[in-house]
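Me: Please take a close look at one part of this protein, its strand pairing and the burial of its side chains, and then connect that part to its surroundings. A formal account for a bench biochemist would be appreciated.

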Amino acid sequence: MIADQEHYPTLTPEEYFAWEEKQLEKHEYIDGQIYAMSGGSKNHSLISVRFITLFSNHLEGSGCETGNSDLRINLVETNDYTYPDVSVTCDERDKTTTQYITYPCLIVEVLSKSTEAYDRGGKFRMYSRNPELKDYLLVSSTCIEMDLYHKKDTGEWVIINYKEGDTIELKSINLSFPIEQVYRGLKNIISEEL
């Protein structure tokens, strides 16, 4: 959810970690550049929390970990770091790190107008290089819609569009749920039933 690149110092990854600890906001670190993260709407926040709760409950006792938007992802074979809204890792290698994970099997981004193009394009291209990532879920915060980028066993990515009345299937964590479960009771969501 990169908002804007302001004029930040050029830092090494180690300097970036030390510098960011002193900042009030979060910043992504891509190709040596620092980008301030934008804030989200109330719906954005509530949707993220619902996913975290849903995944944490489903994965309890499995050894998998669910992260919120405070957990960085190190993009595989780079010194780049992003902050997705929600992530899940089941990889043992991620249990040894304290400031980030590298091998998520599932990433969720709740879309906003300012970041949607980036989340669908550049950010997906960066994430898709990760051999462990199986599901990349893009979630609307204004209407009942989700787009799942799913990596098949052949390595090919397919996009599955979900709308009201559909059941979301996340093979990465063996979880299915009705799309309405995430949107229940939210305000300003476009729907005939809500």
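**Strand pairing and burial**

Reply: In the pairing of strand 2 with strand 3, Y29 stands opposite I34, a residue of strand 3. The model discussed here is a predicted one. Its protein chain has a mean pLDDT of 90, with 94% of the residues at 70 or more. Residues 1-5 are a stretch where the pLDDT is below 50, although the model gives this stretch 24 contacts beyond near neighbours in sequence.

Strand 2 comprises residues 27-30, and strand 3 comprises residues 33-37. Four bridges hold the two in an antiparallel pairing. Together they form a hairpin with two residues between the strands, and D31 in that turn has a positive phi of about 50°. Strand 2 is covered on both faces: H27 and Y29 are buried on one side, and E28 and I30 are buried on the other. Y29 therefore belongs to two descriptions at once, as the residue opposite I34 and as one of the buried residues of strand 2, whose threshold for burial is under 20% relative accessible area.

Helix 2 shows another distribution of buried residues. This helix spans residues 42-59. From the first C-alpha to the last, its 18 residues reach 26 Å, close to the 26 Å expected at 1.5 Å a residue. N43, H44, I47, S48, F51, L54, F55 and L59 are its buried residues. Because these residues cover an arc of only 135° around the axis, they lie on the same side of helix 2. K42 and N57, on the other side of the helix, are exposed. After helix 2 comes G61, which has a positive phi near 80°.

Within this helix, H44 merits separate attention. Its relative accessibility is 6%, which is why H44 counts as buried. The side chain of H44 also makes a polar contact of 3.4 Å with the side chain of D85.

Strand 10 returns the account to strand pairing. The strand consists of residues 135-139, and five of its five residues are buried, so strand 10 is largely enclosed by the rest of the structure. Coverage extends to both faces, with D135, L137 and V139 buried on one side and Y136 and L138 buried on the other.

Two pairings involve strand 10. With strand 9, residues 104-110, the pairing is parallel and has five bridges; there, V108 has L137 as its bridge partner in strand 10. With strand 11, residues 145-151, the pairing is antiparallel and also has five bridges. Here Y136 stands opposite Y149 of strand 11. Strands 10 and 11 form a hairpin, with five residues between them.

Y149 leads onward to strand 12. I159 lies in that strand, which covers residues 157-163. Leaving aside residues up to four places away in sequence, I159 touches D147, L148 and Y149. F124 is 35 residues from I159 along the chain, and the C-alpha atoms of the two are separated by 12 Å.

In summary, strand 2 has buried residues on both sides, as does strand 10, whereas the buried residues of helix 2 are on the same side of the helix because their arc is only 135°.

Methods: Residues numbered from 1 in each chain as written. Heavy atoms only, no water. pLDDT = per-residue confidence, 0-100. Contact = heavy atoms within 4.5 Å. Buried < 20%, exposed > 50% of the residue type's maximum accessible area, 1.4 Å probe, protein only. Polar contact = N/O pair within 3.5 Å; in protein donor to acceptor, adjacent residues only side chain to side chain. Pairing = 2+ DSSP bridges. Expected span 1.5 Å × (residues − 1). Arc of directions from axis to C-beta.
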